[in-house]
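Me: I'm new to this one. Could you show it to me and take a few "how do you know" questions?

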Amino acid sequence: MELVEHWWNGGAGGHREDVIVRRGPEGTHEVELRVGARSIKREYRTRDEAMTISDGLRAVGVWLELSRLRNFATSAGTR
């Protein structure tokens with residue numbers, strides 16, 4: 001599966017939460033919610049469905065997009 005987005009709440013409130021969106025080879029999308037050591041994954045038919053769920057999971061609090069930072073670090077390393 002290919003990473004689309006990875007968000008992290010910075011460990012606010014005493015526990016880490018991650019919301020990860022991946023694209024599968026068949027064009028389906030998976031959303032994973034990690035809270036501490038627990039993980040819940042669901043598959044969606046379209047990117048729009050997956051992004052709607054991801055946006056809802058991140059509706060409260062402050063989130064940092066780790067996938068954007070990873071892409072920036074990768075492109076900065078090739079200069």
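Reply: Sure, let's start with a term: buried means under 20% relative accessible area, exposed means over 50%, and partly exposed is in between (1.4 Å probe, protein chains only). By that cut-off, 34% of the 79 residues in the protein chain count as buried. Keep in mind that this is a predicted model, where local features need pLDDT of at least 70 and side-chain atom pairs count only at pLDDT 80 or more, while totals for chains, interfaces and linings use all residues. Residues are numbered from 1 along each chain as its sequence is written, and side-chain values use heavy atoms, leaving out hydrogens and water.

Me: How do you know where the confidence is lowest and highest in the protein chain?

Reply: By pLDDT, the predictor's confidence in each residue, from 0 to 100. Helix α2 (residues 66–77) is lowest with a mean of 66, and α1 is highest with 98. The protein chain averages 88.

Me: What makes a stretch a helix or a strand?

Reply: They are DSSP runs, numbered from the N terminus: H or I over at least four residues for helices, E over at least two for strands. The protein chain has 2 helices and 5 strands, in the order β-β-β-β-α-β-α.

Me: Which residues of helix α1 are buried?

Reply: In α1 (residues 47–57), they are A50, M51 and S54. They sit on the same side of α1 because they span an arc of only 95° around the axis, taken from the directions from the helix axis to the C-beta atoms. The face turned away from that buried side carries exposed D48 and T52.

Me: What covers the buried residues of α1?

Reply: The cover includes β1 (2–8), β2 (17–23), β3 (29–35) and β4 (38–44), with contact meaning heavy atoms within 4.5 Å.
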